[in-house]
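Here is a short tour of one protein model, from its overall build to the residues packed inside. Please keep the structure open beside the text as you read.

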Amino acid sequence: MRPTSDKVRAAVFSSLGDTVEGARFLDLFAGTGAVGIEAYSRGAAHITFVEKHAETLRRNVELMPKAAYTLVRSELFRSGLTGAYDIIYIDPPYGCYNPAEVLNWIDKHGLLAANGVIVYEESVRTRAEWEQMPFGLIKKRKYGDTLIFYYEGVV
């Protein structure tokens with residue numbers, strides 16, 4: 001498990017600004033849950049955590065009100081997710097998933113709300129055609145070995 005660094009997490013939430021307040025937040029490949037818990041602390045209305053190996057995550061969210069989160073113990077493609085999320089944060093194990101496959105799956109299942117944003121965290125070493133995704137690339141940022149891509153739905 002490789003948690004998102006404090007520096008990257010701070011930069012992402014600074015970039016998201018007020019959009020977190022009241023948002024339905026989806027934390028994919030949630031790991032320890034640090035990103036989703038941060039979203040909750042910044043006013044997100046509900047967090048859905050998806051993590052296959054959720055023992056540490058389960059312990060970390062115990063302090064949150066049960067109504068504030070859903071924990072899905074599953075691999076993404078078997079998660080059965082439904083509904084639309086205002087913010088989707090994706091942080092897969094670096095190099096283990098094809099970004100286009102993940103984003104196409106999200107698009108196919110209609111998980112991004114109108115005016116929603118996707119934040120995709122990946123290694124600089126991951127080879128992908130980041131501009132050729134089912135969502136519009138808003139911007140990308142580099143923090144050391146980490147790349148952050150921001151996408152919005154394409155109308």
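The report below starts with the fold as a whole and then turns to the nonpolar cores.

**Overall build**

Please bear in mind that this is a predicted model. Its secondary structure consists of four helices and seven strands, and along the sequence these elements are arranged as α-β-α-β-α-β-β-α-β-β-β. The radius of gyration is 14 Å, close to the 15 Å that the globule rule gives for 155 residues, so the protein is as compact as a globular protein of that length. Along the principal axes, its C-alpha atoms fill a box of roughly 40 × 30 × 30 Å.

Of the 155 residues, 49% are buried. If we take contacts between residues at least 6 apart in sequence, 56% of them join residues at least 24 apart. On the outside, the protein exposes about 7,800 Å², and carbon and sulfur atoms supply 48% of that area. As for charge, there are 18 positive and 19 negative side chains, and the centres of these two sets are 4 Å apart.

**The largest nonpolar core**

The largest nonpolar core holds 27 residues, and those touching the most other members are Val12, Leu16, Phe25, Ile47, Phe49, Tyr89 and Ile148. The elements in this table each supply at least two residues of the core.

| Element | Residue range |
|---|---|
| α1 | 6-16 |
| α2 | 34-41 |
| β2 | 46-50 |
| α3 | 55-61 |
| β4 | 85-90 |
| β5 | 112-123 |
| β7 | 146-152 |

Helix α1 gives the most to this core, with five residues.

Which residues does Tyr89 contact, leaving aside its neighbours within four places in sequence? They are Thr4, Val8, Val12, Phe25, Leu26, Asp27, Leu28, Val35, Val119, Glu121 and Ile148.

**A second core, and Tyr85**

Apart from the largest core lies another one, of 24 residues, with Phe29, Tyr85, Ile106 and Met133 among them. Let us look at Tyr85, which lies in strand β4. Is Tyr85 buried or exposed? Its relative accessibility is 4%, so Tyr85 counts as buried, the cut-off being under 20%.

Not counting residues up to four places away in sequence, Tyr85 touches Arg24, Phe25, Leu26, Thr48, Leu111, Leu112 and Ala113. Between Tyr85 and Val12 there are 17 Å in space, C-alpha to C-alpha, and the two are 73 residues apart in sequence.

Conventions: Residues are numbered from 1 along each chain as its sequence is written. This is a predicted model: local features need pLDDT of at least 70, side-chain atom pairs count only at pLDDT 80 or more; totals for chains, interfaces and linings use all residues. Side-chain values use heavy atoms; hydrogens and water are left out. The radius of gyration is taken over C-alpha atoms; the globule rule is 2.2 Å times the number of residues to the power 0.38. Buried means under 20% relative accessible area, exposed over 50%, partly exposed in between (1.4 Å probe, protein chains only). Contact means heavy atoms within 4.5 Å. Accessible areas come from the Shrake-Rupley method with a 1.4 Å probe; for residues, only the protein chains shown count as cover. Lys and Arg count as positive and Asp and Glu as negative; His and the chain ends are not counted. The place of a charge is taken as NZ of Lys, CZ of Arg, CG of Asp or CD of Glu. A nonpolar core is a set of buried Ala, Val, Leu, Ile, Met, Phe, Trp, Tyr and Cys residues joined through side-chain atoms within 4.5 Å.
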